[in-house]
Amino acid sequence: MCTKAGMLAQDGRCKTLDSRADGYVRGEACVVLEICTLSGDAGIALHSGSLVASAVNQDGRSSSLTAPNGPSQQRAIRSALRPASMDHNARDGRGMHGTGTGLGDHIEVGAAHAVLVEPSRLVPLTLSAKKSCMGHTEPAAGAVGLLHAVLGVGAHSAKPIVHLIAVNPHLAG
């Protein structure tokens with residue numbers, strides 16, 4: 001059904017942010033997380049001196065299954081960042097949903113750009129997308145994204161977006 005609807009990448013490669021993006025790739029994963037109690041505000045964790053912010057939001061009404069809701073994504077980003085009370089220049093990375101669809105990536109980058117990029121921004125905003133190497137791991141996608149974020153903070157780096165050759169010229173920023 002997904003193939004007939006044109007939702008899946010024809011070559012089986014998730015090309016997040018690439019001008020060749022033509023659909024998402026299905027994947028499978030199993031993630032085990034140990035939850036520990038930390039002092040401080042909910043949604044904020046200190047790890048090796050780094051601050052991680054998170055939020056959960058339903059995407060809201062959208063025009064189709066593969067079209068995310070940009071304003072809902074902006075609200076989720078603002079909700080995650082509110083307890084952190086950080087300057088925009090201090091936010092240096094964003095883990096994306098990054099499905100590699102021609103429409104979804106545009107909307108997601110546009111939402112991040114609207115919230116995180118100000119004219120006074122001094123530090124580049126690094127985007128990462130685990131789906132570019134693992135595919136959309138269906139129900140485990142959120143846990144995979146969380147694990148990806150935690151590992152990135154521990155290493156103080158972001159993994160490259162696999163299969164990104166030519167950045168789509170229609171992306172914001």
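This note concerns the charged side chains of a predicted model, with attention to Asp-105 and to the salt bridges.

1. Asp-105 merits a first remark. The residue sits in helix α2, which spans residues 104–116. Asp-105 is buried but takes part in no salt bridge. Lys-131 is the nearest side chain of opposite charge, at a distance of 9.1 Å. Because a salt bridge requires a nitrogen–oxygen separation within 4 Å, Lys-131 does not qualify as a partner of Asp-105.

2. On the surroundings of Asp-105: a polar atom of its side chain lies 3.2 Å from the backbone nitrogen of Gly-100. Beyond the neighbours within four places in sequence, Asp-105 is in contact with several residues, including Lys-15, Thr-16, Gly-98 and Leu-171.

3. Across the whole structure, five salt bridges are found. One of the pairs is Lys-15 with Asp-11, where the closest N and O atoms are 2.8 Å apart. Lys-15 is buried, at 2% relative accessible area, whereas Asp-11 is partly exposed, at 44%. A network of salt bridges links Asp-11, Lys-15 and Asp-22.

4. Arg-20 and Asp-18 also form a salt bridge, with an N to O distance of 2.9 Å. Here Arg-20 is partly exposed, with a relative accessible area of 38%, while Asp-18 is buried, with 1%.

5. Helix α2 contributes a further pair: Glu-108 is bridged to Arg-94, with the closest N and O atoms 3.6 Å apart. This pair connects distant parts of the chain, as Glu-108 belongs to helix α2 and Arg-94 to strand β3 (residues 93–95), 14 residues apart. Glu-108 is buried, at 4% relative accessible area, and Arg-94 also counts as buried, at 14%.

Notes
Residues are numbered from 1 along each chain as its sequence is written. This is a predicted model: local features need pLDDT of at least 70, side-chain atom pairs count only at pLDDT 80 or more; totals for chains, interfaces and linings use all residues. Side-chain values use heavy atoms; hydrogens and water are left out. Helices (H or I, at least four residues) and strands (E, at least two) are DSSP runs, numbered from the N terminus. Buried means under 20% relative accessible area, exposed over 50%, partly exposed in between (1.4 Å probe, protein chains only). Lys and Arg count as positive and Asp and Glu as negative; His and the chain ends are not counted. A polar contact is a pair of N or O atoms within 3.5 Å; within protein, one must be able to donate a hydrogen and the other to accept it, and residues adjacent in sequence count only if both atoms are side-chain atoms. Contact means heavy atoms within 4.5 Å.
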